[in-house]
Amino acid sequence: MTDAVIKCESVYKIFGANAKKMLQEANGNVDAKTFQENGCIVGVNNASFEVSKGEMLVVMGLSGSGKSTLLRCISRLTDATGGKIYIEGQDLLSLKEKELIELRRNKMGMVFQSFALLPHKTVLENIVFPLQIKGVETEKSINKAMDMVKLVGLDGRENYFPRELSGGQQQRVGIARSLAVEPDIWFLDEPFSALDPLIRKEMQDEFLRLQEKLKKTIMFITHDFDEALKLADRIAIMKDGIIEQLDTPAKIVLNPATEYVKKFTEEVPREKVLIIEDVMDAPTTDNLSDIKVSKDVIIENVAEKILSQQKSVAVTDENNKIVGTVNPSKIIHTVFGGRKK
Amino acid sequence: MELVKKYPKLFQWLFLLVVFFALCFAIDVPETYKFIRGQAEFIKDPNQSTYTLFGKEVRYYAFDNFWRLPPLLGWLPIWINDGLFFLLNEWMPMEFWDSATQEYKTRPLILQISRNITAFMTFLIEFIREILLGGVETIVAFTSWNFVSAYPWVKLPGLPWTIVAAGAAILAYKLSGKGLAIFAGLVMIYISVFGQWKPSMQTLSFILVAAPLSFIFGLSLGVMAYKSKRVEKALYPILLVMQTMPQYAVLVPAMVLFGIGDHAAVIITMVVAIPPMILLTLIGLRGVSPEVIEAGKMSGCSNWQLMTEVLIPTARRDILIGVNQVIMVCFSMAVISAFIGAKGLGWNLLLALNQLNIGLALEAGLCISFIAILLDKMSLAWANKQTDYFGNLTFYQRYKNTIFFGGAVVVGAILALVGSFFFKEGFNYLYEVPHNKGISTADFWNKGVDWIFDTFFVYIKAFNTWLITEVLQPMRALYLRMPAVATLVLVVGAGYIIGGIRSAFTVGALTLFIALSPWWDRALVTTYMATFGVIISCTIGFVVGTLCKQNKYTTNFMLGVCDIFQTFPSFVYLIPVMMLFGVTDTSVLIAVIVYATIPATRYTIEGLRSVPDGLHDAATMSGVTKLQRLFKIELPLAFPHMMLGVNQTIVFALFMVIIGAFIGTEDLGQYILKALSDKAGGGKGLTLGICVAFIGLIFDNLIRTWVEKRKKHLGID
């Protein structure tokens, strides 16, 4: 196996009485409509992808698109109807109950949309819970949990009950709980959807800060395209159980694969998503302006600088070597061009 | 025609009523009809007809089949009886080792099983009883009679009441705090001072066995039903019937199986207390949000951990209500099972009521109620208790409750010892205040009752007479005047209009069972008494609930009152009404009304509470007055929930009507009571109980179906 931590090979999830049989008969050609006529609902339709170590894959889709179902297949909260799923090279679907529990206890953490905290336990008890289940001795687990409380910034509230906390605070507890066993793989199922916009932004920033530090392999589910753009290394866009496109945010914005994806990208402010590298031209020997910009910066941050120049601006890589040029007109086109009126 | 289209339901109802009354008037009362003594008296009357089914001869008075259906199910009770007898005495004889006679004996399997259960229960009860009251039985159980007779000093001394009181207070303090501790102490002192110690401890030992066992069985069965659809399907009909089955009715068959005494009482209590526990466990577990379950799974819970650490604690609210119910049932059974020889307060209460010694009955009743409230509060506090992980406690802090209890034991023992020198006349008041040697207020109450009777006799009598002759008798006559066929049409029609074919079929079948049993007339009397109580209870409940809901403090106050009243054992309600109205139907009805008003009030308040705030504000902004808001918005929306309250009210009313048989009524309850003293009463008691349960289920089915439809229509869940 390569460094793919999660690997899916044509995963199907079909709900219904004789789903398995119908899937076999369909021969890899699953049509949602014919299945529905036979009383089956297609949740995930032929999903294949890999997530490599330390990468954050955001699965984006509207409600009913199957994104949560996909996540539950990979965490095996539901059993996939067909296909193969490998977690660090282990065939997930062939694991026995015991092995699955071991895997969850040591490798996986999950955050839920409605927080899913245990109402009868305090903040600390909630965070300790996975450790306690695992059988870690009390003192050690409490110390660990206190670290987690500090990590998510809830110090001083560890003896509160979930009902005494705001939504944002509750989700911090959820995050802390999912991290308590130091999992390698981190599943987040619309973690910020139930929060107010301001809190949501704050939590997203906090989440990025955490990820910077922890470098987990992440699958993140959201229905918010902006959130996906902000957080993702790569985005998978789902519709009716099918992954419509799976690519980096920039590539999705620049080259939406289908009409459906295009609808999302149209309204996106490109300058906030794209980096210079995405729009630069090949290096030329023309006379360039005096300033240089790095190829990795987001356009928005250097747009003013570039636009103040008459000539093209040189683009450099990390070794300060010129790898391309950007003309101010290109920036103007990126920001204002190509949008629907 | 347009009107018909606009209000189709209304016209269906009108049509149904027209048919019903037409039938009522068309079918005359046959001349041979007598108020049926349902094949009870076993004397052959020349007017009787007979038929034989399954080898059983069933007698009945012949009359027009439209008027009353023949008792085609008359063989059922006899058959059940014979079945029980066969199971117990003949089925599957097996060899068992008899340790008393040191030889193998042949005994039927069921009899042996029931003997073993009996022995086990008796041991548990005796064990606790002897810790509280002293004795030798336990020592015998662990050693032998030889040992005990060889050493005369061998005797387990009971705990002096001071120690038990202190223990209760300390436990209450540990569980909840000062308030409950003081209450616990006061209750214990009250019991002791009023000379009710011994019966109270007997009752307590009975409950300390019955309640935990019911809880454990109920919880495990509930969990099993949650896990397996098949178990649930098997349990569901039993749960449904047991919900509305009067507690009396279970006494009889249990008596056949397990004999009489405390152990039988514990078993019956379990039979009655387990179903609500199962139901509430199931409701609680179903209500746990799927994400919480998933969170548990992702934390790596095994199935067992998921159940014990996640599901059950999260469903705690409903499970707690279950515990509450279990305790309630245990206490009300503690009294009722006195009928089959359970010792304790219930026995004294029954005795006092029998002698019409209201004062004594009141004292015993108060004792039971206090203990009930205490245990109820303690179990709640126990379930809500939190553990503190950061306590860097000193040895003293950690063990202070234990130390205090140890101290109390020493002090209590010394006091008891000192007392034995001090009180020479044989009663050591510091050890145990003997029964009837405490302070008694019985005389005071009896005089009070006499005074009330002397002073208000005329008015009470006048009221009584008026109620009976002007309201109750005519109402009863009306109910009895209904031809069986007309009643069937009415019930089935109502079922069809409310819930369609399915519902019509269900209620029709339930009614038919009662109609074909030999007790249709009695069932009508039961229904009439229950209806009367329900109508008045609901009126009071709706009004009081609505009024109380207008203010936050009265709301909480009223809910608190409901909580406390609900904890009283149902039998206790008979005491004050007998004080005022003596042994008449009025007494029963008033007890019914008081008892059944509790759910009516509670559900009204809860229903009004559940009206969303948004609607409240929207109405206010449309400029409605307070009254308009109440009648146009709040009441219609709360009405479905209030109807569930009516449902509960009916169940409560039926219970009380049946218990009222003790005072002397003419309904099914009276026959159940009679079956208790009948050697072959098991089948009869059970069949009668099923009849009562079915009356409840008919209403239950109709109301629930209506509520579900209405809620869907209103878009509230």
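The dialogue below goes through a predicted model of two chains, A and B, one feature at a time.

Q: What confidence scores come with this predicted model, for the whole and for each chain?

A: The model is a prediction, and its overall scores are ipTM 0.82 and pTM 0.81. Chain A averages a pLDDT of 85, with 98% of the residues scoring at least 70, while for chain B the mean pLDDT is 81 and 88% of the residues reach 70 or more.

Q: Which elements of chain A have the lowest and the highest mean pLDDT?

A: Among the elements of chain A, helix α12 (residues 270-273) has the lowest mean pLDDT, at 78, and strand β8 (residues 217-222) has the highest, at 92.

Q: How many helices and strands are there in chain A, and how many in chain B?

A: Chain A contains 15 helices and 13 strands, whereas the secondary structure of chain B comprises 29 helices and six strands. The C-alpha trace of chain A spans about 65 × 55 × 40 Å along its principal axes.

Q: What share of each chain counts as buried, and what part of the contacts joins residues 24 or more positions apart?

A: Of the 341 residues of chain A, 43% count as buried, and buried residues likewise make up 43% of the 717 residues in chain B. When contacts with a sequence separation of 6 or more are considered, residues 24 or more positions apart account for 65% of them in chain A, and the corresponding value in chain B is 75%.

Q: How is the packing of two helices described, and at what angle do the axes of α9(B) and α15(B) cross?

A: Two packed helices are described by the angle between their axes and by the distance between those axes. In chain B, the axes of helix α9 (residues 197-227) and helix α15 (residues 316-336) come within 9 Å and cross at roughly 140 degrees. That angle makes α9(B) oblique to α15(B), and the crossing is right-handed.

Q: Which residues of α9(B) and α15(B) meet?

A: From α9(B) come B:T203, B:F206, B:I207, B:A210, B:A211, B:S214, B:F215 and B:G218, and they meet B:G322, B:V323, B:V326, B:I327, B:C330, B:F331 and B:A334 of α15(B). By class, the residues of this contact are eleven nonpolar, four polar and no charged.

Q: Where does α9(B) stand relative to α17(B)?

A: The axes of α9(B) and helix α17 (residues 358-383) of chain B come within 11 Å and cross at roughly 40 degrees. The two helices are therefore oblique to each other, and their crossing is right-handed. On the α9(B) side the contact is made by B:S200, B:T203, B:L204 and B:I207, and on the α17(B) side by B:C367, B:I368, B:I371 and B:L375. Six of the residues in the contact of α9(B) with α17(B) are nonpolar, two are polar and none is charged.

Q: How many residues does each chain give to the contact between A and B?

A: The size of an interface is often given as the accessible area lost when the parts come together. Here the account is by residues, with 20 taken from chain A and 18 from chain B. The elements of chain A that give two or more residues to the side touching chain B are α4, β6 and α5, and α5(A) gives the most, with five residues. The residues on that side of chain A divide into 13 nonpolar, four polar and three charged.

Q: Which residues of α4(A) are buried, and what do they pack against?

A: Helix α4 of chain A covers residues 97-107, and its buried residues are A:I101, A:L103, A:R104 and A:R105. These buried residues pack against β4 (82-87), β6 (108-111) and α5 (123-134) of chain A, together with α13 (290-298) of chain B.

Q: What is the phi of A:S10 and of A:F115, and is each residue buried or partly exposed?

A: A:S10, although not a glycine, has a positive phi of about 30 degrees, and this residue is found in strand β1 (residues 4-15) of chain A. A:S10 is partly exposed because 15 other C-beta atoms lie within 10 Å. In A:F115, also a residue other than glycine, phi is positive and near 75 degrees. A:F115 is found in the loop between β6 and α5 of chain A, and this residue is buried, with 25 other C-beta atoms within 10 Å.

Q: Where is A:P283 found, and which residues does A:P283 touch?

A: A:P283 is found in the loop between α13 (276-279) and β11 (292-294) of chain A, and A:P283 is partly exposed, with 15 other C-beta atoms within 10 Å. Not counting residues up to four places away in sequence, A:P283 touches A:I322, A:V323, A:G324 and A:T325.

Notes
Residues numbered from 1 in each chain as written. Chains lettered and ligands numbered in written order. Predicted model: local features only at pLDDT ≥ 70, side-chain atom pairs only at ≥ 80, totals over all residues. Axes fitted to C-alpha atoms, helices over the stretch in contact; angles between N-to-C directions. Helix = DSSP H or I, 4+ residues; strand = E, 2+ residues; numbered from the N terminus. Parallel < 35°, antiparallel > 145°, perpendicular 65-115°, else oblique. Left-handed = near helix turned anticlockwise from the far one by under 90°. Contact = placed C-beta atoms within 7 Å. Nonpolar A, V, L, I, M, F, W, Y, C, P; charged D, E, K, R; others polar. Buried ≥ 20, exposed ≤ 12 C-beta atoms within 10 Å, placed from the backbone. pLDDT = per-residue confidence, 0-100.
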